[in-house]
Amino acid sequence: NFIGTNKLICFYAKAGNGKSITRLFLALYLLKINAVKKVYYIDADNGIGTLKNRGIDRILDEYESRLEYISFSKKVKDKDIDTKSLIFTLSNFANDEHKDTLIIFDSMRNFIKGSMCLDEVVIPYLTAMQEMQDYYAGVWFLHHQNKQSFGDKGNKECKGSTAFLDSSDEAYFVKKRERNDSRLIVTLEPQKGR
């Protein structure tokens with residue numbers, strides 16, 4: 001019951017805490033246990049070097065047609081696709097064919113046109129994602145944490161509009177606990193649940 005189906009879920013943290021890699025491997029786990037049949041991971045945040053370091057080619061070979069990793073890094077960017085309108089486009093095409101498909105957006109700042117602090121800018125994107133959740137096994141988005149001052153180590157605030165958490169069914173604060181050459185340990189602290 002950790003991750004429910006047909007939910008809009010926010011995972012957020014400060015940069016470098018393992019949001020993307022944790023979401024990728026959680027999605028792969030869901031594929032492995034057949035909890036979902038397909039994953040679309042739409043990455044507008046990580047560069048080609050990061051993808052190579054994560055072994056994305058090996059992962060794609062292993063999961064073949066079950067994982068669609070769509071990267072918008074500068075070297076592989078498709079000039080005909082506007083990431084700022086992509087959520088609306090996908091929402092318009094959502095249908096029951098996707099009921100066993102998980103879709104992940106990494107990271108929200110790259111999909112929103114305008115200030116992420118303004119509800120009137122953010123809410124239409126989140127509403128489109130809420131509409132998608134009815135047709136997909138789940139819709140996840142990665143987001144960032146507010147900048148912290150040196151004395152603010154307990155800050156778990158989500159960056160920008162409160163609508164990011166208000167509109168989500170679940171929200172998890174991601175915190176890196178340990179990292180060495182081949183192992184990353186993170187905690188996912190629930191911040192909202194329905």
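Which residue in strand 5 is the bridge partner of phenylalanine 105? The partner is phenylalanine 141, and strand 5 makes a good starting point for a tour of this structure. The model is a predicted one, in which local features need pLDDT of at least 70 and side-chain atom pairs count only at pLDDT 80 or more, while totals for chains, interfaces and linings use all residues. Residues are numbered from 1 along each chain as its sequence is written, and side-chain values use heavy atoms, with hydrogens and water left out.

Helices and strands are named here by their order from the N terminus, and they are DSSP runs (H or I, at least four residues, for helices; E, at least two, for strands). Strand 5 spans residues 138–144, and 7 of its 7 residues are buried, so the strand is largely enclosed by the rest of the structure. Buried stands for under 20% relative accessible area, exposed for over 50%, and partly exposed for the range in between (1.4 Å probe, protein chains only). The cover extends to both faces of strand 5: Gly138, Trp140, Leu142 and His144 are buried on one side, and Val139, Phe141 and His143 on the other.

Strand 5 has pairing partners, where pairing requires that DSSP finds at least two bridges between two strands. With strand 4 (residues 101–106), strand 5 pairs in the parallel sense over 4 bridges. With strand 1 (residues 8–13), strand 5 also runs parallel, and 6 bridges join the two. Phenylalanine 141 appears here again, as the bridge partner of cysteine 10. Strand 4 and strand 5 also belong, together with helix 5 (residues 119–133), to a right-handed β-α-β unit. The handedness is that of a path running clockwise from the first strand over the helix to the second, with the strands pointing away from the viewer.

From strand 1 the pairing can be followed to strand 6 (residues 170–179), which runs parallel to strand 1 and is joined to it by 4 bridges. In this pair, tyrosine 12 stands opposite phenylalanine 173 of strand 6. Strand 6 is in turn joined to strand 7 (residues 184–192) by 8 bridges, and these two strands run antiparallel. A hairpin of 4 residues links strand 6 to strand 7, and glutamate 178 has isoleucine 185 of strand 7 as its bridge partner. Leucine 165 lies in helix 6 (residues 163–166) and is partly exposed, with a relative accessible area of 21%. The C-alpha atoms of leucine 165 and lysine 192 are separated by 7.4 Å, although these residues are 27 residues apart along the chain.

Attention now turns to a group of polar side chains. Aspartate 106 lies in strand 4 and counts as buried, at 0% relative accessibility. Its side chain makes polar contacts, each a pair of N or O atoms within 3.5 Å; within protein, one atom must be able to donate a hydrogen and the other to accept it, and residues adjacent in sequence count only if both atoms are side-chain atoms. The side chain of aspartate 106 contacts those of serine 20 at 2.6 Å, tyrosine 41 at 2.7 Å and asparagine 46 at 3.2 Å. Asparagine 46 sits in the loop between strand 2 (38–43) and helix 2 (48–53) and is buried, with 9% relative accessibility. The side chains of asparagine 46 and serine 20 share a polar contact of 3.4 Å.

Serine 20 and asparagine 46 also belong to the lining of the largest pocket, which has 15 residues; Gly16, Lys19, Ser20, Asn46 and Arg54 lie nearest its centre. A pocket is an open set of points on a 1 Å grid over the protein atoms alone, where a 1.4 Å probe fits, with protein on both sides within 12 Å along at least five of seven lines; lining residues have an atom within 4 Å of a point. The volume of this pocket is about 210 Å³. Helix 1 (residues 19–32) supplies the largest share of the lining, 3 residues.

Some backbone details complete the picture. Most residues other than glycine have a negative phi, and most peptide bonds are trans. The peptide bond from aspartate 106 to serine 107 is cis, with omega near -5°. Asparagine 34, in the loop between helix 1 and strand 2, has a positive phi of about 60°. Glutamate 64 has a positive phi of about 35° and is exposed, with a relative accessible area of 60%.

Key: Grid points are joined across faces, edges and corners, and a volume is the space filled by probe spheres set on the points.
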